[in-house]
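Here are my notes from going through the model. They are set out as numbered points, with a question to start.

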Amino acid sequence: MIPEIEKASAQDIKTFQEEKLKDLLQYLNTQSPYYKRMFKEQNIDINSIHRLEDLTKIPTTTKDQLQQYNNDFLCVPKNKIIDYVTTSGTLGDPVTFALTDNDLNRLAHNEAMSFSCSGVTENDIMQLMTTIDRRFMAGLAYFLGARKLGAGIIRVGAGIPELQWDSILKFKPTYLIAVPSFLLKLIEHAKQHNIDLKKSGVKGAICIGEPLRNQDFSLNTLAEKITSQWQIDLYSTYASTEMNTAFNECEKQQGGHHHPELIIVEILDENDQPVSSHDVGELTITTLGVEGMPLLRFKTGDMVQAHTEACGCGRNTMRLGPVVGRKKQMIKYKGTTLYPPAMDNILNDFNEVESYIIEISSNSIGTDEIYIKIATKTPTDNLLSRIKDHFRAKLRVSPRIEILDKKEIQKLQFPIMSRKPVMVIDKRHNES
């Protein structure tokens with residue numbers, strides 16, 4: 001079922017969001033210590049904000065402010081909090097988010113709509129291959145969303161291909177929720193143990209944490225590797241703890257659909273102004289319907305492009321293209337600007353590369369250096385030369401590459417307290 005507002009005209013969606021925005025501003029002005037203070041200090045009359053375009057009168061909220069004044073964003077008394085989650089802290093100290101009972105219901109509604117967008121129905125069974133503990137919002141959201149939708153769910157958790165396959169063969173899930181590179185490990189395990197992928201019963205995978213597509217929505221190298229061996233549909237999903245909201249692909253697989261009843265989206269330039277249509281900018285969000293810790297004009301740090309043409313699925317909502325990269329992880333290297341996802345694509349082109357980690361640092365003359373550590377069963381000069389040639393051909397750069405033992409790389413990828421693999425170590429911010 002497609003919610004009526006998602007089939008409405010662009011103007012009707014805008015009008016709908018403007019009414020929701022007015023409610024949010026009143027709520028923040030009475031309940032949020034942080035925003036109440038900010039409105040007063042900046043002399044902002046919230047009653048003068050009528051249209052989405054008026055949002056530019058309000059300063060943006062940054063991750064630094066969220067870290068520094070974390071408790072001031074809380075809008076409810078402690079006895080209203082049901083669940084505590086923390087962000088993964090990929091680009092700084094983790095931030096705590098407090099969810100009320102209404103927030104958990106909203107989270108379930110969001111994920112049920114998102115799963116439905118990707119074709120999941122109450123007749124499906126979903127296998128959850130990510131953690132539901134460690135104060136992790138995503139795993140909880142997937143569980144609540146499947147329950148709301150009426151789909152079955154198997155909570156296996158992260159890793160352990162043998163246990164995953166035991167559950168797949170026993171319970172016959174139709175959809176998997178997984179990190180794409182882990183699907184390659186499942187394929188490898190199936191080959192080694194004579195498991196017939198065609199008879200698995202799996203129709204598709206909701207993929208998290210890693211990009212599946214290039215900017216033109218064609219499958220990237222990682223997704224091509226998966227689908228060439230396992231004929232399942234892959235659906236991208238983009239979300240974050242701060243948003244309490246997900247953007248899932250529909251069957252047309254042309255970007256993640258916006259849920260206008262849950263979130264206002266802006267894509268901003270360096271001066272916090274909206275970019276021109278189809279330009280890349282920083283995703284900036286305003287949450288709607290969040291009770292515990294709503295956010296106003298929060299800059300996510302992710303560089304994205306919006307697509308506003310009507311989708312063939314019947315929704316008229318804006319769609320987010322694949323994340324180009326994290327703003328803080330932009331690299332200026334020998335006259336070229338690039339982001340780590342572009343390097344992921346190149347490294348995934350080599351079957352010999354079992355795992356890798358990208359390190360970014362600053363050198364003595366103030367420019368960026370890229371150092372790539374890889375694990376491989378075939379450590380040869382020829383392999384290193386081929387990888388460097390591929391980098392030069394695709395990105396016009398030739399980073400330093402070193403072969404390490406697989407266990408050393410795993411230690412770097414999974415530091416203590418980590419809930420998901422670390423693929424980029426950015427040392428620049430510690431060096432400055």
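Which residues does His278 touch, not counting those up to four places away in sequence? Keep in mind that this is a predicted model.

1. His278 first. Its partners, leaving out residues up to four places away in sequence, are Gln305, Ala306, His307 and Glu309. The residue belongs to the loop that links strand S10 (263-268) to strand S11 (280-287). With a relative accessibility of 36%, His278 counts as partly exposed, since that label covers values between the 20% and 50% cut-offs. If you want a pair to check on screen, take His278 and Glu19: they are 259 residues apart in sequence, and their C-alpha atoms are 26 Å apart in space.

2. Gly321 shares some of those partners, so look there next. Gly321 is in the loop between strand S13 (319-320) and strand S14 (325-326). Beyond its neighbours within four places in sequence, Gly321 contacts Phe217, Val304, Gln305 and His307; Gln305 and His307 are also touched by His278. Gly321 has a relative accessibility of 7%, so it counts as buried. Its C-alpha is 9.9 Å from that of Ser236, with the two positions 85 residues apart in sequence numbering.

3. Now the nonpolar core. The largest one has 50 residues, and the members that touch the most other members are Leu21, Tyr35, Phe39, Leu283 and Leu296. In soluble globular proteins, nonpolar side chains tend to be buried together. Take Leu21 as a case: with neighbours within four places in sequence set aside, its contacts are Ile49, Arg51, Leu52, Leu55, Ile264, Thr286, Leu288 and Leu296. That list includes Leu296, another of the five residues named for the core.

4. The loop between S11 and strand S12 (298-307) deserves a look, and Met293 is one of its residues. Is Met293 buried or exposed? At 4% relative accessibility, Met293 counts as buried. Apart from neighbours within four places in sequence, Met293 is in contact with Asn70, Phe73, Leu74, Thr96, Phe97 and Ala98. Met293 and Glu242 are 51 residues apart along the chain, and their C-alpha atoms are separated by 8.8 Å.

5. Two backbone angles to check. Most residues other than glycine have a negative phi. Arg297, in the loop between S11 and S12, has a positive phi near 50°. Ile160 also has a positive phi, of about 55°, and is found in the loop between strand S4 (152-155) and H7. Their surroundings can be set side by side: Arg297 is buried, at a relative accessible area of 1%, whereas Ile160 counts as exposed, at 51%. The Ile160 value sits by the cut-off, as exposed means over 50%.

6. Helix H7 (residues 161-171) packs on helix H8 (residues 180-192) at an angle of about 75°, and the axes are 10 Å apart. This makes H7 roughly perpendicular to H8. On the H7 side the contact uses Pro161, Glu162, Gln164 and Trp165, and on the H8 side Phe182, Lys185, Leu186, His189 and Ala190. By class, the residues of this contact are 5 nonpolar, 2 polar and 2 charged.

7. What about the other helix pair? The axes of helix H10 (residues 340-347) and helix H11 (residues 381-395) come within 10 Å and cross at roughly 130°. That angle makes H10 oblique to H11. The crossing of H10 past H11 is right-handed. From H10, Ala342, Met343, Ile346 and Leu347 meet Ile387, His390, Phe391, Lys394 and Leu395 of H11. The contact of H10 with H11 divides into 7 nonpolar, 1 polar and 1 charged residues.

8. Last, a surface position. Where does Lys78 lie? Lys78 is in the loop between helix H4 (63-68) and strand S1 (81-86). Its relative accessible area is 60%, so Lys78 is exposed. Along the chain Lys78 and Gly292 are 214 residues apart, and their C-alpha atoms are separated by 9.6 Å.

Technical notes. Residues numbered from 1 in each chain as written. Predicted model: local features only at pLDDT ≥ 70, side-chain atom pairs only at ≥ 80, totals over all residues. Heavy atoms only, no water. Core = buried A, V, L, I, M, F, W, Y, C linked by side-chain atoms within 4.5 Å. Buried < 20%, exposed > 50% of the residue type's maximum accessible area, 1.4 Å probe, protein only. Contact = heavy atoms within 4.5 Å. Axes fitted to C-alpha atoms, helices over the stretch in contact; angles between N-to-C directions. Helix = DSSP H or I, 4+ residues; strand = E, 2+ residues; numbered from the N terminus. Parallel < 35°, antiparallel > 145°, perpendicular 65-115°, else oblique. Left-handed = near helix turned anticlockwise from the far one by under 90°. Nonpolar A, V, L, I, M, F, W, Y, C, P; charged D, E, K, R; others polar.
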